[in-house]
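Thanks for sharing this one. Here are a few friendly notes on its charged side-chain pairs, to read alongside the coordinates.

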Amino acid sequence: MATPEENNQLVIAPESTPETQPNKRRKKKSIVWEHFTIENVSPGCRRASCNQCKQSFAYSTGSKVAGTSHLKRHIAKGTCPALLRNQSPFTPGMNGNGSMSDPPKRRYRSPSSAYISFDSDRCRHEIARMMIMHDYPLHMVEHSGFLAFVQNLQPRFDMVSFNTVQGDCVATYLREKQNIMKFVESMPGRVCLTLDMWTSSQSLGFVFITGHFIDSDWKPQSRILNVVMEPYPDSDMAISHAVACCLSDWSLEGKLFSITFNHPVGEPGRENLRSLLCVKNPLIINGQLMIGNCSARILSSIAKDVLWAGREIIKKIRDSIKYVKTSESHEEKFLELKQQLQVPSEKSLSLDNTTQWNSTFQMLVAASELKEVFSCLDTSDPDYKEAPSMEDWKQIEIICTYLKPLFDAANILTSRNNVTPITFFHELWKIHELSRAVASEDPFISSLAKLMREKIDKYLKECSLALAIAVVMDPRFKMKLVQFRFSKIFGDEAPLYVKIVDDGLHELFLEYVALPLPLTPTYAEDGNFENMKTEDNQGTLLSDHGLTDFDMYIMETTSQNTRSELDQYLEESLLPRLQELDVLDWWKMNKLKYPTLSKLARDILTIQVSTADPDSVFDTEIKELDSYRSSLRPETVEALVCAKDWLQYGSAAPAEISNAIVKVGS
């Protein structure tokens with residue numbers, strides 16, 4: 001028979017006593033009621049019976065003598081014989097040595113909280129996600145410390161092996177890939193690819209391929225699509241093979257717009273790439289939108305040249321900073337001198353990381369602002385040797401002057417937002433202007449300017465088309481800025497380069513005009529396809545009159561007598577440069593006025609100038625895959641890298657996780 005405490009009924013007693021006060025009985029909160037059941041022995045007399053050993057104990061609600069304390073002791077102190085027989089080393093109430101621990105702390109559970117069952121498959125799924133998201137080594141699941149932790153946390157979980165967690169990670173990758181494929185298929189425009197070549201200790205190459213596109217809301221999107229292992233990264237076929245794998249894997253044939261890569265590729269390699277694109281992709285203006293020089297790599301190369309030219313002076317600065325920063329007394333003396341001299345600089349000294357050239361630049365800037373303090377330290381501290389001279393400080397300032405525009409340009413590339421070629425074009429102009437000091441009478445300045453001029457001119461000539469057509473798509477500049485800048489950059493050859501841009505843009509526009517109408521996804525996204533549908537009787541009326549030839553005549557004569565969208569756009573006045581303009585948003589707002597040109601503009605503004613991840617823009621060395629990942633199967637490396645990128649945008653529901661397990665051999 002159920003007791004009042006068990007069914008929460010109202011109990012009305014004839015006499016008002018502490019035991020029978022009219023109230024609604026609440027569910028017992030103490031942990032002991034998971035192990036005891038209240039029994040009514042006789043009217044007014046109840047006892048607590050142990051569910052395990054069936055022993056009976058006195059119990060009275062609210063009593064200090066016969067409350068729950070002795071019941072807790074029965075469970076926690078090990079006096080229950082049934083619990084002692086069934087106790088495991090990890091059962092609550094015992095420590096890791098098998099001896100009894102302190103009594104469990106009182107805990108409260110809401111009567112409405114749902115019971116959550118243990119799901120082993122879900123645990124495996126979460127372990128795989130953890131490995132992917134935090135780059136943990138897959139062998140961690142076999143480490144003794146991890147095994148002990150999980151067994152203490154949940155003894156019922158059957159630990160997984162390296163092969164099992166590897167399979168689970170690949171299963172997560174495959175599940176997420178289905179969502180990403182639908183996402184890529186929904187993109188209305190074309191795709192621009194960036195290829196970032198990494199090396200490894202085994203001299204293998206790994207090509208990280210990222211797809212960039214603009215979605216139907218005109219927002220930039222990017223996803224890592226593939227990591228392709230190339231056993232011979234310097235071969236003429238390496239880049240074209242990686243691109244072919246990506247096009248096939250993601251069904252991107254006919255959807256590719258441009259390629260940007262950071263690996264040196266000779267003319268035979270470029271020709272192989274063009275041949276591939278001719279077969280797999282309608283060739284966009286004869287493959288001229290292949291950018292073979294990653295902008296981040298070019299900036300780092302120039303910065304390294306500048307730093308190398310001043311390496312001896314930079315070493316003096318670095319040694320001076322070491323002298324100050326590696327001794328507490330020296331640093332205190334330095335700060336004291338700074339305060340006495342009232343140097344206004346807010347910068348603090350720090351040593352650079354030689355693998356990141358921006359840290360060297362920032363080290364030199366800070367030291368230059370504190371040069372007066374270093375000079376004073378030279379006269380007041382006899383142990384401070386080889387302090388930079390005034391001529392050294394002058395050269396440091398020159399080095400900083402030449403590094404500053406490189407730093408500003410590279411800093412733009414670190415933005416997580418979309419960096420268009422338009423923005424980078426403006427920064428390149430500043431660098432080019434600085435490089436015009438080749439004729440300086442100062443030999444140091446002249447040498448720096450010459451180093452910079454050679455590389456920046458080569459980059460501009462190779463990438464001028466891709467950069468310039470993006471500038472033309474900015475309604476504040478159009479062809480006017482291209483003509484102006486090219487006259488400064490290319491001098492007498494400027495008309496030739498301007499013509500290349502103008503012809504290339506018109507050729508691109510004609511390719512877009514010739515696209516099938518209105519069945520392309522681009523038209524479907526705007527609803528044009530639906531708008532062109534007519535009622536059945538209207539369609540019959542048109543066909544009955546046989547006006548198909550008339551429609552063709554109208555199209556031909558109209559195209560002959562009307563300016564194209566592109567020419568109309570170029571001839572209109574420039575927008576004022578009074579405020580920041582979101583160029584993509586401007587084309588979104590004007591897509592009805594320029595239905596074809598807006599689609600071309602969207603694809604042009606998808607072109608990427610850099611292949612580098614924002615965190616590696618300032619790297620002075622080629623990225624190298626760590627030894628652990630290099631030891632994994634190439635398919636596993638791809639799964640881990642791609643899945644980590646995809647999971648940051650949200651995860652697919654792991655509906656039937658147990659059905660998604662993939663067997664992968666070691």
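1. Please keep in mind that this is a predicted model. As a starting point, E126 is partly exposed, at a relative accessible area of 31%. The E126 side chain meets that of R122 in a salt bridge, with 2.8 Å from N to O. R122 is partly exposed too, at 37% relative accessibility.

2. The spacing of this pair is worth a look. E126 and R122 lie about one helical turn from each other, because they sit four residues apart in helix α4 (residues 120–134). The pair also belongs to a wider group: a network of salt bridges links R122, E126 and R129.

3. Next, have a look at D392 and K316, whose closest N and O atoms are 3.0 Å apart in a salt bridge. This pair ties together distant parts of the chain, since D392 belongs to helix α14 (residues 390–413) and K316 to helix α10 (residues 311–325), with the two positions 76 residues apart. D392 is buried, at 10% relative accessible area, whereas K316 is partly exposed at 33%.

4. Helix α14 also holds a pair of its own: K404 and D408 are four residues apart there, and so about one helical turn separates them. They form a salt bridge, their closest N and O atoms being 2.8 Å apart. K404 is partly exposed, with a relative accessible area of 40%, and D408 counts as partly exposed at 27%.

5. For the overall tally, the structure holds 24 salt bridges; the pairs discussed above are among them. As a general reminder, side chains of opposite charge can pair when their charged atoms come close.

Terms used
Residues numbered from 1 in each chain as written. Predicted model: local features only at pLDDT ≥ 70, side-chain atom pairs only at ≥ 80, totals over all residues. Heavy atoms only, no water. Salt bridge = Lys/Arg side-chain N within 4 Å of Asp/Glu carboxyl O. Buried < 20%, exposed > 50% of the residue type's maximum accessible area, 1.4 Å probe, protein only.
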